[in-house]
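Open your viewer, switch to a cartoon view and get ready to click along. We will go stop by stop, with something to select at each one.

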Amino acid sequence: MIKRVLGKTGMEVSLLSLGTGGARQLGQTIGHSIYDQKRLVKAALDIGVNVFDTATHYGDSESILGECLSGIPRDSFLLCTKWPARDEVNNTIDDHTKLIKSIEKSLERLQTDYIDIMLFHGIMPHEYDLIVESLYPTMERLKYEGKIRSIGFSSRFSEDPGQKGIELGLSKHPELWDVVMLKYGILNQSAAAKILPLARNHNIGVINMAAVRVKLPDPILLEQLISKWKSSGLIDNDSLPTNNPLGWLVKDNVKSVIEAGYKFAAEPSSISTVLTGTASVEHLKMNVESMKEPSLIEDHMDRLKATLSHIIEYA
Ligand SMILES: NC(=O)c1ccc[n+]([C@@H]2O[C@H](COP(=O)([O-])OP(=O)(O)OC[C@H]3O[C@@H](n4cnc5c(N)ncnc54)[C@H](OP(=O)(O)O)[C@@H]3O)[C@@H](O)[C@H]2O)c1
């Protein structure tokens, strides 16, 4: 497994990491038993994955992950979790007492004394200043106390597809952030323009999330999306085939469009690790295999960038 350094944290991270959110939530959404979940986590560890991502809002992922990792030497893996500062019911930003309580609960559920990577979950641009002013000092104190080792935030890409929240944070306060979690993939390339260079310049670790997600694994949804982009004039009619629009990527050592998706997602050196949200041991092994060469051939990279890099849309 290729390792990269997670920016200024200095942590050595596996290029592929395991996410416990998304559609699968560590198999919670498809009826996995704890036996299946332990098997998946063990397979990940055996194959060299050392980063596990979870969040307070991924069903029971935190406690399941805690159980799956129980008994494994704590210094052999890194835990990332997240807390949404937003109170969805009242549409307000929570205060620092809720953050402290939530981290205590996360530590308990994860069966650990410290969280390696602690993120504010999904910051929107209009919330950014308030979160930094009212909650960042508490995160800093928790870091000083040793309960968390690094501080960051993730984007809320479904509502902020240009990930302006991340751009704002990295432009305004690069010194505050150790890590950001963002979405960068074949169908979502906009982070390449400003965000990835900012992260690289300020040595901020980047965790890439949801790079494959829903449309790349589903040929019908992918065809519909590309047709929509053609009919709305976002891309030229002859830029990609109507049927199986990304099928030309499957060549030589690239065995599927999904594999192409993970390779593309890992290509920028400013990205430290790419999360896979698979719940299947077989798929996990395939995805790790695809990371052995974390790039597509130059012609394919160039064509994908030339055709799709200007699109700023949740896909
Ligand atoms: N901060 C945030 O706001 C945020 C938002 C989204 C995600 N995340 C994090 O990012 C992680 C990754 O995102 P994601 O869960 O959307 O994951 P993803 O890796 O982009 O996509 C996972 C989907 O792809 C399928 N898949 C993966 N490998 C496959 C293969 N080799 N062959 C066929 N299908 C394959 C999975 O199905 P199978 O299970 O069948 O393999 C699953 O449906 C999440 O789990 C979460 O930890 C964070």
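Begin with helices α1 and α2: α1 passes α2 in a right-handed crossing. Colour residues 34–46 for α1 and residues 61–69 for α2, and you will find that their axes come within 9 Å and cross at roughly 65 degrees. Now show side chains. On the α1 side the contact is made by Ile34, Gln37, Lys38, Val41 and Leu45, and on the α2 side by Ile64, Leu65, Glu67, Cys68 and Leu69. Please keep in mind throughout that this is a predicted model.

**Next stop: a second helix pair**

Select α4 (residues 125–144) together with α3; the axes of these two helices come within 9 Å and cross at roughly 35 degrees. Here too the crossing is right-handed, with α3 passing α4. Which residues of α3 meet α4? They are His96, Leu99, Ile100 and Ile103, and their partners in α4 are Ser134, Leu135, Thr138, Met139, Arg141 and Leu142.

**Then the barrel**

Hide the helices for a moment and look at the strands. Eight of them form a closed barrel with parallel pairing, in the order β3-β4-β5-β8-β9-β10-β11-β12. On average, neighbouring strands of this sheet are turned by 25 degrees against each other, direction ignored.

Zoom in on β11 (residues 205–208) and β12 (residues 273–276), parallel strands joined by two bridges. To see one partnership, pick isoleucine 207, whose bridge partner in β12 is threonine 273.

Bring two helices back. Helix α3 (residues 96–110) packs on the sheet and touches β5 (78–83) and β8 (117–123), its direction making about 145 degrees with that of β5. Helix α9 (residues 281–290) also packs on the sheet, where it touches β3 (16–19) and β12; its direction makes about 150 degrees with that of β3.

**Last stop: the ligand**

Show the ligand as sticks, along with the 29 residues around it. Which of them come nearest? Label Asp53, Arg213, Tyr262, Thr278 and His283.

Three polar contacts are good to inspect one by one:

- Arginine 24: an N or O atom of its side chain is 2.7 Å from a ligand oxygen.
- Histidine 121: an N or O atom of its side chain is 3.2 Å from a ligand oxygen.
- Alanine 279: a polar backbone atom is 2.9 Å from a ligand oxygen.

Finally, is the ligand mostly buried or exposed? Taken alone the ligand exposes 900 Å², and the protein buries 90% of that.

Notes. Residues numbered from 1 in each chain as written. Predicted model: local features only at pLDDT ≥ 70, side-chain atom pairs only at ≥ 80, totals over all residues. Heavy atoms only, no water. Pairing = 2+ DSSP bridges. Helix = DSSP H or I, 4+ residues; strand = E, 2+ residues; numbered from the N terminus. Axes fitted to C-alpha atoms, helices over the stretch in contact; angles between N-to-C directions. Contact = heavy atoms within 4.5 Å. Near = heavy atom within 4 Å. Polar contact = N/O pair within 3.5 Å; in protein donor to acceptor, adjacent residues only side chain to side chain. Areas by Shrake-Rupley, 256 points an atom, 1.4 Å probe, with all protein chains shown as cover. Left-handed = near helix turned anticlockwise from the far one by under 90°.
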